[in-house]
Amino acid sequence: MNCQLAHQVRIILKIAFIFAASSFVRAGEVEVLHYWTSGGEAAAINILKQMVQDSGHTWKDFVVTGGSGVQARSELNHRVLLRNPPAATVLKGESIKRWARFNYLANLDEISKREDWDAKLPKVIADDMKFEGHYVATPVNVHRSNWMWVNKPILDAVGAKVPTNWAEFEAVAKKIQKAGYPVIAAGNEPWQDATLFESVALAVGGSEFYLDAFVKHDTSVLRSKTMDKVFEQMDRLKPFLAPSTGSEAWDAATKQVINGEAAFQFMGDWAKGEFILANKQPGRDYICATTPGTEGSFIYVVDSFAMFKLEGESKIEAQLALASDVMSERFQIAFNKAKGSIPARIDLSLNGFDQCAQKSKKDFMDASQNGMLLPSIAHGMATTEQVLDQFSPSVAKSWRNGVEPDQAAAQLSKAIRYGVYYLQ
Ligand code: GAL
């Protein structure tokens, strides 16, 4: 082989080697702790699993059953105590700050700058993902908790319109009950009751009352006549609760509305993931409407993956691949279409999303403009885990046990104060 040819072969081999080296993926394992087990939730998380596998890494599932991540949070505490935290976990709002404050979370500055996350996220969401200005988590979506899911055939059967305030709701509910249909599907779990409660509080007291009570934890507001009225309104809804199906899971209640076994469910738009899975069409089979009395306000819930500090290059590379996948257009679109939420990235078009998602996005943008974007307390956006773990059980216990409204308000105020001063 003449030396010129040999020289060319050497150059080609070098280029091939450099190329191979640059595209070489140090295959790593990324363990993800999450609680997404309902049909719609599982369909959505499977999209991410597939993307991680496609990028040459291994997804290790650590699933903790139980809606809203209540059990997952204590399992995470347990894992950390055992000095064996997962690579990533679904966390929200204040919990992210808590783990970052304890110095457990990885600094994502390099990738967030390279991929310009600040330009793609609303400030309220970017700030939620940061601790002391450094990204430590990636947002997957924007859920809204103040939604009402309506079975359309039942509503049509009694000739009713979608109620827009609680007085209208009670009138429609009486008609539906008289016609022999169960009215409100709701699992008997504190976080589900708390999800309804935060919307009723917003409808009865307004956004300032909501923020004073659930973010500032102002005792005079928590003990106010307005809070008594919130519990009174909750009590007027109780006679309309549909009998239990035997399962208290939130998605069992959604299935009651899907199957025409109940007319309404008050739940965040993760419920829509179940309607999608059942091939139900908004406007034809069901109606997504803002919870009565809360039109114009948006109670937001942002799911995110908090990234724990790791050792080992391949593990870190797999974790960064996960973070990059989560912030990718492909994932933000596919995941949110399945999950029922809207993308956290506001630079993406919602073409191909249904009318509920279009409404959610418009309402999110409008609410961001006019100060009506409110962090969900029931889902850990508004306050600490310690307060949340006092708030939901207090609301549920008082409501389910028929405690007098003023007593219920007093107990809630006491529970929140205990959570505020409870040691970290
Ligand atoms: C919420 C969470 C949602 C949804 C729901 C039910 O707290 O943000 O993603 O999964 O719980 O489990």
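Buried here means under 20% relative accessible area, exposed over 50%, and partly exposed in between, using a 1.4 Å probe and protein chains only. The structure is a predicted model, so local features need pLDDT of at least 70 and side-chain atom pairs count only at pLDDT 80 or more, while totals for chains, interfaces and linings use all residues. Residues are numbered from 1 along each chain as its sequence is written, and side-chain values use heavy atoms, with hydrogens and water left out.

By that yardstick K130 is buried, at a relative accessible area of 16%. Its side chain still finds a partner: K130 and D118 meet in a salt bridge (3.0 Å, N to O), the term being used for a side-chain nitrogen of Lys or Arg within 4 Å of a carboxyl oxygen of Asp or Glu. The pair links distant parts of the chain, with K130 in strand 4 and D118 in helix 6 (residues 117-120), twelve residues apart. Helices (H or I, at least four residues) and strands (E, at least two) are DSSP runs, numbered from the N terminus. D118 counts as partly exposed, at 46% relative accessibility. Just past K130 comes E132, in the loop between strand 4 (130-131) and strand 5 (134-135). E132 has a phi near 50 degrees, a positive value in a residue other than glycine, and counts as exposed at 65% relative accessibility.

Salt bridges turn up elsewhere too, and a search of the whole structure finds 22 of them. Side chains of opposite charge can pair when their charged atoms come close. K216 and D212 join at 3.0 Å, N to O; here K216 is exposed, with a relative accessible area of 59%, whereas D212 counts as buried at 15%. E295 and K359 meet at 2.8 Å, N to O. E295 sits in the loop between strand 10 (286-290) and strand 11 (298-301) and K359 in helix 17 (residues 355-369), so this bridge ties together parts that are 64 residues apart in sequence. E295 counts as exposed at 53% relative accessibility, and K359 as partly exposed, with a relative accessible area of 23%. Beyond these pairs, R73, R98, E385 and D389 are linked in a salt-bridge network.

On the domain level, the protein splits into domain 1 (2-142 + 303-352) and domain 2 (144-300 + 357-421), with bounds taken from an automatic or database domain assignment. Their C-alpha centres lie 31 Å apart. The contact (heavy atoms within 4.5 Å) takes 29 residues from domain 1 and 30 residues from domain 2.

Next, the interior. In soluble globular proteins, nonpolar side chains tend to be buried together. A nonpolar core is taken as a set of buried Ala, Val, Leu, Ile, Met, Phe, Trp, Tyr and Cys residues joined through side-chain atoms within 4.5 Å. The largest such core has 63 residues, and F305 and L322 touch the most other members. Helix 2 (residues 39-54) supplies the largest share, five residues, and each of the two domains contributes at least three residues. Leaving aside residues up to four places away in sequence, F305 touches a set of residues including V32, W36, I45, L48 and V326. A second, separate core of 49 residues includes F169, L222, F231 and L237.

Helix 16 (residues 329-339) has F331, Q332, I333, F335, N336, A338 and K339 buried. These buried residues pack against helix 2, strand 6 (137-139), strand 7 (143-144), helix 14 (272-277) and helix 15 (313-326). Right after helix 16, G340 takes a positive phi of about 95 degrees.

Helix 10 holds S199, which is buried, with a relative accessible area of 1%. Not counting residues up to four places away in sequence, S199 touches S145, N146, T291, T294 and I299. In the loop between helix 10 (190-214) and helix 11 (219-222) lies H217, another non-glycine residue with a positive phi, near 55 degrees. H217 counts as buried, at 13% relative accessibility.

Finally, the surface. L5, found in helix 1 (residues 3-23), is partly exposed at 40% relative accessibility. L5, V9 and L13 form a nonpolar patch with about 250 Å² of accessible area together. Patches are made of residues with over 30% relative accessible area and no salt bridge, joining like charges within 9 Å and nonpolar side chains (Val, Leu, Ile, Met, Phe, Trp, Tyr) within 5 Å; accessible areas come from the Shrake-Rupley method with a 1.4 Å probe, and for residues only the protein chains shown count as cover.
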